[in-house]
Amino acid sequence: MRSLKLTYMILIYLFLYLPVVVLIVFSFNDSQYSSLWHGFSWTWYQQLWQDTILLNAAKNTIILGVTASSLATLIGTLSAAALFYFHFKGKKLLQGLLLVMILSPDIIWGTSLLLFFSLTHVPLGFTSLVIAHITFCLPFVIVTLYSRLIDTDKHIIEAAKDLGASDAQLFLRILIPLLKPALIASWLISFTLSADDIVISFFVSGPSFQILPLAIYSSIRAGVTPELNALCTLMFALTLVIVLPAAALLRKRSVLGELL
Amino acid sequence: MRNDRFFKLFSISLLSLWLVIFALIPLLSTLGLSFLSVDDNHFFKWPLTLANYGQVLDPLFLHIISRSLYMSIFTTLICLLLAYPFAYILAQLPAGVKPFLLCLMIIPFWTSSIIRIYAIMALIKTRGILNTVLLHVGIIHQPLHLLFTQYAVFIGLVYNLLPYMILPIYTNIDKLDKRLIDAARDLGANRLTIFLKILLPITLPGILAGVILVFLPTMTLFFIPDLLGGAQSMLLGNLINVQMLTLRNWPLGCATSMVLTCLMFVFLGLQHYIQQHSSSTGKQAAGQR
């Protein structure tokens, strides 16, 4: 029974890791088509370095990701504070809307926002992408920060209020430092969501602003080249370096798990 | 005091305006457009009509929708069957190794989903590594033609969504009071009874959460069948994509989106119902000890 369990675990991990490992190993293979090992080579990395389309798309993805996740975290922080501290008309409606936003399939967002941008004559490109990405990151930011606010000590806020702090002072001097870990997590979650999104961006992006997931998508459709292996290896390494300490994804999933 | 009111007003109106303008209005205009008809020069034309929904219920579309449902249900089932034993074994392990193994499971998912699909393609293509190894070892004598079939789509979907099933189930099993199982065993219950009477009712909320997290995205990840599948494997997401961007029939695309939204609400309602129902049986199971 014990060895059966062990075998099962190993098989699942093999299934999870085999594709990624194969991809990384073959990014160093000195052959274009063969799936046999032809010796070590940097060829595909050199070729990638000269691919201006992919590099430009990568740059755009970082610009978009940083802009969208920073703004989403900013708006999300104010929103979470408003939802937590204030009572106002329509609060229940907004909370319900946030839940629907988290659960709605991506494609609904894609079509709805495309429709909205067309009706309001917003050109498809950077602006439309930033708005779309902020919108689908916002509920996750709010949920993360809100659950952190519930855990904070209410007496700190009351003490500050007794000592005469204004709401803006409370926000800047108490809330922000208190929420710092959750703020970092929110930013990383947003960046991951933004950099990974295909379905929504597919609908609201335009030719003026190419982003990496869509550039990879169209180049895979054109045919598989080891250059993509190199790119994927680099991205994998980069995400490991950035996300490993934060373990942001784990937090996001568990937050979602609690929500359901 | 003025300062205070400004902050309150600012934060509340920022949130409300953003959500109303960029979430509520787009969603409502999708709903609205689904009742109008397509026009070559403008997006739509009046009057209100139910024709789009009639078209969605057309046998051709129903065929695609039912195929899509079949693929989503099958993917969800495979994920559940793979994830449950994994989550169970993981939860039984010593507390020291659990976070490490959990982290190890999630690391491949830090890459973007398009990269994972590309990795699957490289693995299973006709002259890919899988066929090379299998031919070399002698398990098969002809290369398997997996890529561009329905099987490839299943592999891609399961590969992309498995953690969404594992995590909620694991959270549930991990919280379970192990003494319940010991007590049942002492009282002479066999493995099947323990599973059906204790494990299943208590972990049902986790299973449901996992099913929703896998089932809903499965229908909409149009790029997976597009890259891995053949002409036969279309998901609801592919259908909406074609209607919106290729055929430019936005009212029809919106109507199909609304069908998907309705499916989502049906599922959430179902989940809510089962959760209410199971929490009482779960309490019963716990109360019997």
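**Asking why: a predicted two-chain model**

Guide: In this predicted model, B:Phe148 is partly exposed, with 19 C-beta neighbours inside 10 Å.

Visitor: Why is B:Phe148 called partly exposed?

Guide: A residue is buried at 20 or more such neighbours and exposed at 12 or fewer. B:Phe148 has 19, so it counts as partly exposed.

Visitor: Where does B:Phe148 lie?

Guide: In chain B, it sits in the loop between helix 6 (129-137) and helix 7 (150-175). Its phi is near 65°, a positive value in a residue other than glycine.

Visitor: And what is the phi of A:His121?

Guide: Near 60°, again a positive value in a residue other than glycine. A:His121 belongs to a loop of chain A, between helix 5 (106-119) and helix 6 (126-151).

Visitor: Why is A:His121 called exposed?

Guide: The cut-off for exposed is 12 or fewer other C-beta atoms within 10 Å. A:His121 has 6, so it is exposed.

Visitor: What makes B:Phe267 partly exposed?

Guide: Its count is 16 other C-beta atoms within 10 Å. Partly exposed covers the counts between 12 and 20. B:Phe267 therefore falls in that class.

Visitor: Where is B:Phe267, and which residues does it touch?

Guide: It is part of helix 12 (residues 250-287) of chain B. Leaving out residues up to four places away in sequence, it touches B:Ile212 and B:Phe215. B:Ile64 is 203 residues from B:Phe267 along the chain, and their C-alpha atoms are separated by 20 Å.

Visitor: What is chain B built from?

Guide: It has 12 helices and two strands. Along the sequence, a helix is followed by the two strands, and then helices run to the end of the pattern.

Visitor: Why is chain B called more spread out than a compact globule?

Guide: The globule rule gives 19 Å for 289 residues. The radius of gyration of chain B is 24 Å, well over that value, so the chain is more spread out than a compact globule. Its C-alpha trace spans about 75 × 75 × 45 Å along the principal axes.

Visitor: How much of chain B counts as buried?

Guide: Of its 289 residues, 43% do. Among its contacts between residues at least 6 apart in sequence, 71% join residues at least 24 apart.

Visitor: How many residues does each chain bring to the contact?

Guide: Chain A gives 70 residues and chain B gives 72. On the chain A side, helix 1 (residues 2-26) supplies the largest share, 13 residues. That side divides into 52 nonpolar, 12 polar and six charged residues.

Definitions and conventions: Residues are numbered from 1 along each chain as its sequence is written. Chains are lettered from A and ligands numbered from 1 in the order in which they are written. This is a predicted model: local features need pLDDT of at least 70, side-chain atom pairs count only at pLDDT 80 or more; totals for chains, interfaces and linings use all residues. Two residues are in contact if their C-beta atoms, placed from the backbone, lie within 7 Å. Helices (H or I, at least four residues) and strands (E, at least two) are DSSP runs, numbered from the N terminus. Ala, Val, Leu, Ile, Met, Phe, Trp, Tyr, Cys and Pro count as nonpolar, Asp, Glu, Lys and Arg as charged, and the others, Gly among them, as polar. The radius of gyration is taken over C-alpha atoms; the globule rule is 2.2 Å times the number of residues to the power 0.38.
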